[in-house]
Amino acid sequence: MGGGTVSDASIFDLIIVGGGPGGYNAAERAAAGGLNILVVEKEHLGGVCLNRGCIPTKTLLAAAKHYKIAKDSADFGVNVGDVSMDWKTAFKRKTKTVRALRSGVASKLKKHKVTVVEGEASFIDRSTIDVGGTRYGASKILIATGSRPFIPPIPGAEGPGVLTSREILDIDHIPESLVVIGGGVIGVEFASLFSTLGTTVTVVEMLPEIVPSLDGDVAALLRERLQGEVTFKLGARVEKIDGTTVHFSDAQGGGSVTGEAVLMSVGRRPVTDGMGLEDIGLDIRRGAVVVDEKMRTNLPGIWAAGDCTGKSLLAHSAYRMGEVAVADMLSGGQGRDRMRYDAIPSVVYSLPEAAGVGLREADAEKAGRKVIVKKLPMQYSGRYLAEYGQDPGFGKVVIDAETRALLGVHLAGGQCSEIIWGAGALIEAEFRVDDVRELIFPHPTVSEIVREVIWEF
Ligand code: NAD
């Protein structure tokens, strides 16, 4: 139905704008809590993470990992002859994986009797939205509109040779050379992917070290491991892009580097524009929806979750934010759930992997907090030695000097992406060194590196 009224059929308990991790997961939780829900999604269920981010990149990185393992397999006594990479097959596998997961999300929503409408939502008032001329109403609305790549105001940045993570995932061949602007998480993952497959990769990073979100030692090890396959221009600020030539300034007088393609990966920005959010009086600052620890906005009945809040631009943070918002809705504001940001694990899925959770050594120094830090090579784990030999990697643990509570765990090396959640749980539960010592870790596993470091204190 069109026009200015909302029919009974279009009234829901909860409208969720955005079907990404912040939205679809919240829909499942809210449906389980008995709410009648509408999800509005303008593109594909699953959002950027499933369709154009985490999942496609991890599928391609898995292909690169297999390629690398096959090439290096003689060390293990396995002779495979000539190894070659067939990008088309890897690409098809990526598409198949994304489709399977997307239909998984759709069927879960269907099972929960969630209504899904395709289109762009715009706000008519605080409890009514319009999607393609049809109006929908609800007493509760969750905004989960995600983020988009940031394109900095650099001359030439919008040229056709400059790709974002979105376009590079559609590339139909392995480029001969690639210039990556921004050595953050996205830049390093793509640098690792393509350099493993033979592309000549140069990363141009403004700061003195790559991946500033990681612990400094972890970031340095990652860079040292990638160096050789990847050229890093650090402390280099991009001034101009001519086609696919990137001009930068640095302490050495600057320079330029040309690639077949340029990847722009200098961060992402919340999507909050073009929906009439300001018109209904929503508090938006620096482009992000302002939320409290319950994910409430300044408007009663409207919550926000995920990248659009600008708080922690990670799919797993979005899941939790959505759950906190739903818990608040279902409890009528009386629940205890709140969003905590102290122990959100971060992972870089490069080859090798890097991961961290909690306080970093540099954060402690900056805050003048008294901590003790211990670090051991990954080779203290028998499983690591068996599988990765002398590949450099380490485990690093930060504890409070007085209480001996775990504050941070930072890892570099194979399989650390699968371990880090456990370290996060220990930090969330405020475990102290002696508590961790009582835990039994499966042997032999790479996770034992945490146990080994704990006995160093
Ligand atoms: P980022 O913030 O991680 O890194 C951007 C990098 O670009 C920084 O190192 C910054 O110093 C650098 N930079 C900024 N302007 C520059 C310039 N003009 N010249 C050179 N360097 C410049 O951003 P991203 O890598 O684009 O990722 C975007 C978001 O997506 C992040 O919040 C990230 O956490 C998230 N993400 C996470 C994962 C993961 O968890 N594995 C994967 C992909 C994306």
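This is a dialogue on reading features of a predicted model, from the ligand site to helices and unusual backbone geometry.

Student: Where should I begin with the ligand, and which residues come nearest to it?

Tutor: Begin with the shell, bearing in mind throughout that the model is predicted. There are 22 residues around the ligand, and those that come nearest are Ile-186, Glu-189, Glu-205, Gly-267 and Val-347. By class, this shell has 15 nonpolar, four polar and three charged residues.

Student: Which polar atoms of Glu-205, Met-206 and Ser-265 lie close enough to the ligand to be listed with a distance?

Tutor: For Glu-205 it is a polar side-chain atom, which lies 2.6 Å from an oxygen atom of the ligand. Met-206 instead presents a polar backbone atom, 3.2 Å from a nitrogen atom of the ligand, and Ser-265 likewise presents a polar backbone atom, at 3.5 Å from an oxygen atom of the ligand. As for cover, the ligand taken alone exposes 850 Å², and the protein buries 80% of that area.

Student: Which element gives the largest share of the shell around the ligand?

Tutor: That element is helix H6, residues 185–196, which contributes three residues.

Student: How do I judge the length of H6, and is the helix enclosed or open?

Tutor: Length can be judged from the rise along the axis: at 1.5 Å a residue, the 12 residues of H6 should span 16 Å, and the end C-alpha atoms are 17 Å apart, which agrees. As for its surroundings, 10 of the 12 residues of H6 are buried, so the helix is largely enclosed by the rest of the structure. The buried residues run from Gly-187, Val-188 and Glu-189 through Phe-190, Ala-191, Ser-192, Leu-193 and Phe-194 to Ser-195 and Thr-196. Just after H6, Gly-198 takes a positive phi of about 105 degrees.

Student: How does the same reading apply to helix H3, and what do its buried residues pack against?

Tutor: An α-helix has 3.6 residues a turn, so residues three or four places apart point the same way. In H3 the buried residues are Pro-56, Thr-57, Thr-59, Leu-60, Leu-61, Ala-63, Ala-64 and Tyr-67. They pack against helix H2 (47–52), helix H4 (87–111) and H6. The span of H3 can be checked as well: its 18 residues, 54–71, should cover 26 Å at 1.5 Å a residue, and the end C-alpha atoms are 25 Å apart, which agrees.

Student: Turning to the backbone, what is expected of peptide bonds and phi angles in general?

Tutor: Most residues other than glycine have a negative phi, and most peptide bonds are trans. Departures from that pattern are therefore worth locating. In this model a cis peptide bond joins Leu-351 and Pro-352, with omega at about 10 degrees, and another cis bond joins His-443 and Pro-444, with omega at about -5 degrees. Pro-352 is found in the loop between strand E20 (346–348) and strand E21 (354–358), whereas Pro-444 is found in the loop between helix H12 (433–437) and helix H13 (448–454).

Student: What does the side chain of Ser-350 reach, and is Ser-350 buried or exposed?

Tutor: Ser-350 is placed in the loop between E20 and E21, and its side chain reaches the backbone oxygen of Pro-352 at 2.7 Å. Burial is read against a cut-off of under 20% relative accessible area, and because Ser-350 has 1% relative accessibility, it counts as buried. Leaving aside neighbours within four places in sequence, Ser-350 is in contact with Val-188, Glu-189, Ser-192 and Leu-222. Val-188, Glu-189 and Ser-192 are also among the buried residues of H6.

Student: Where do Arg-286 and Glu-430, with their positive phi values, lie?

Tutor: Arg-286, whose phi is near 50 degrees, lies in the loop between strand E17 (284–285) and strand E18 (288–289). At 85% relative accessibility, Arg-286 counts as exposed. Glu-430, with phi near 55 degrees, lies in the loop between helix H11 (420–428) and H12, and with a relative accessible area of 61% Glu-430 is exposed.

Student: As a last case, which residues is Ile-124 in contact with beyond its sequence neighbours?

Tutor: Contacts across the sequence show which segments meet in the fold. Ile-124 lies in strand E4, residues 121–125, and, leaving aside neighbours within four places in sequence, is in contact with Ile-129, Asp-130, Arg-135 and Ile-280. Arg-135 is 11 residues from Ile-124 along the chain, and their C-alpha atoms are separated by 8.5 Å. At 35% relative accessibility, Ile-124 counts as partly exposed.

Key. Residues are numbered from 1 along each chain as its sequence is written. This is a predicted model: local features need pLDDT of at least 70, side-chain atom pairs count only at pLDDT 80 or more; totals for chains, interfaces and linings use all residues. Side-chain values use heavy atoms; hydrogens and water are left out. A residue is near a molecule or strand if one of its heavy atoms lies within 4 Å of it. A polar contact is a pair of N or O atoms within 3.5 Å; within protein, one must be able to donate a hydrogen and the other to accept it, and residues adjacent in sequence count only if both atoms are side-chain atoms. Accessible areas come from the Shrake-Rupley method with a 1.4 Å probe; for residues, only the protein chains shown count as cover. Helices (H or I, at least four residues) and strands (E, at least two) are DSSP runs, numbered from the N terminus. Ala, Val, Leu, Ile, Met, Phe, Trp, Tyr, Cys and Pro count as nonpolar, Asp, Glu, Lys and Arg as charged, and the others, Gly among them, as polar. Buried means under 20% relative accessible area, exposed over 50%, partly exposed in between (1.4 Å probe, protein chains only). Contact means heavy atoms within 4.5 Å. The expected span of a helix is 1.5 Å times one less than its number of residues.
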